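This briefing is addressed to a reader meeting the structure for the first time. Please keep the sequence and the model in view while reading.

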Amino acid sequence: DGVRPLAGLEVLVTAGPTQEPLDPVRYLTNHSTGKMGYAIAEAARDLGARVVLVSGPVALPAPEGVDLVRVTTAQEMFDAVRDAFPGADVTVMAAAVGDFRVAEVEPDKIKKHGRDAIELRLVANPDILAWAGAHRRANGSQTLCGFAMETRDLEANAAAKLAAKRCDMLVANDLREPGAGFGTDTNAVTVLTPGDAPDKPHAERWQLMGKREVAERLLLRLAAMRE
Ligand code: C5P
């Protein structure tokens, strides 16, 4: 219906950073605050969807009326998404997932021991979005949207991700652009959808607007793609 255009749909959202432990005291992470993903989850709820929000550690309050699954590491986020994805009609992955984790987490605090340098061996984390793109229901009833934060060659990098991760939509934002990126309440996004050829997606540049408005517009667009 017009007021609740997502009624009857289950929306899965990932949000926030991941934390990859080095030892019991320290971790690797990034500057994600979760604001974009939480705005998507809240907008989806208000548009009538049932919402599962898989969130890394953030300082934001738990949204009411949303099934919040708290995770810490990329592997935990992957496990939570694997549980929820089969039931999701629309999935939006806005989390800033750590690409690498340490190969072996030290059981005890790493000590300086007078050393000038130490080496950390990092191994790749699973790409959760790529996994989802490869494991959709065969009947094509799942809509998949990814995000991409870039610092250069925004459209080319985003186009490559749209294809590689088999998304229906890829939302790209440039970290260097005023009002976009980590921690802001606004975003300036370029929305890519598949075009005539894999290297020629349809790209639409949206003006700077509040993250909540970006969220609503994205969700309405994703819902319209399902009709
Ligand atoms: O490759 P890149 O990290 O730029 O891709 C960003 C998109 O992929 C985002 O939607 C992000 O949530 C998702 N992603 C993921 N798992 C990863 C890395 C990225 O789901 N390990």
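The points below cover the strands, the ligand site, the helices and several individual residues.

This is a predicted model, in which local features need pLDDT of at least 70 and side-chain atom pairs count only at pLDDT 80 or more, while totals for chains, interfaces and linings use all residues. Residues are numbered from 1 along each chain as its sequence is written, and side-chain values use heavy atoms, with hydrogens and water left out. Helices (H or I, at least four residues) and strands (E, at least two) are DSSP runs, numbered from the N terminus. Buried means under 20% relative accessible area, exposed over 50%, and partly exposed in between, with a 1.4 Å probe and protein chains only.

**Paired strands**

- Two strands are said to pair if DSSP finds at least two bridges between them.
- Strand β1 covers residues 10–15, and β1 pairs with β6 in the parallel sense over 4 bridges.
- Within that pairing, V11 has V90 of β6 as its bridge partner.
- Strand β6 (residues 90–93) also runs parallel to β9, to which 4 bridges join it.
- Two bridge partners in β9 are L144, which is matched with T91, and G146, which is matched with M93.
- On its other listed pairing, β9 is parallel to strand β10 (residues 169–174), with 6 bridges; there G146 has L170 as its partner.
- In a regular strand the side chains alternate between the two faces of the sheet.
- Strand β6 is covered on both faces, with V90 and V92 buried on one side and T91 and M93 buried on the other.
- Strand β9 (residues 143–150) is mostly covered as well, since 7 of its 8 residues are buried.

**The ligand site**

- Which residues are around the ligand? They are M93, A95, V97, D99, P126, D127, I128, L129, G146, F147, K161 and K165, where near means that a heavy atom of the residue lies within 4 Å.
- Polar contacts are pairs of N or O atoms within 3.5 Å; within protein, one atom must be able to donate a hydrogen and the other to accept it, and residues adjacent in sequence count only if both atoms are side-chain atoms.
- A95 places a backbone N or O atom 2.7 Å from an oxygen atom of the ligand.
- P126 likewise has a backbone N or O atom 2.8 Å from a nitrogen atom of the ligand.
- From the side chain of K165, an N or O atom lies 2.9 Å from an oxygen atom of the ligand.
- The ligand taken alone exposes 450 Å², and the protein buries 87% of that; these accessible areas come from the Shrake-Rupley method with a 1.4 Å probe, and for residues only the protein chains shown count as cover.

**Helices α1 and α5**

- The expected span of a helix is 1.5 Å times one less than its number of residues.
- Helix α1 (residues 35–46) has 12 residues and should therefore span 16 Å, in agreement with its end C-alpha atoms, which are 16 Å apart.
- M36, G37, Y38, A39, I40, A41, A43 and A44 are the buried residues of α1.
- G37 has a relative accessible area of 2%, and its C-alpha lies 12 Å from that of V11, with their positions 26 residues apart in sequence.
- G48, just after α1, has a positive phi of about 105°.
- Helix α5 (residues 211–225) has 15 residues and an expected span of 21 Å, and its end C-alpha atoms are indeed 21 Å apart.
- The buried residues in α5 include K211, V214, A215, L218, L219, L222 and A223.
- Seen down the axis of α5, the buried residues fall within an arc of 160°, so they line one face of the helix; the arc is that of the directions from the helix axis to the C-beta atoms.

**Individual residues**

- Most residues other than glycine have a negative phi.
- H113, which is not a glycine, has a positive phi of about 50°; H113 sits in the loop between β7 (100–102) and β8 (122–124) and is exposed at 67% relative accessible area.
- R166 also has a positive phi, near 50°; R166 belongs to the loop between α4 (154–164) and β10 and is exposed at 51%.
- E10 counts as buried at 13% relative accessibility, and a polar contact of 2.6 Å joins its side chain to that of R50.
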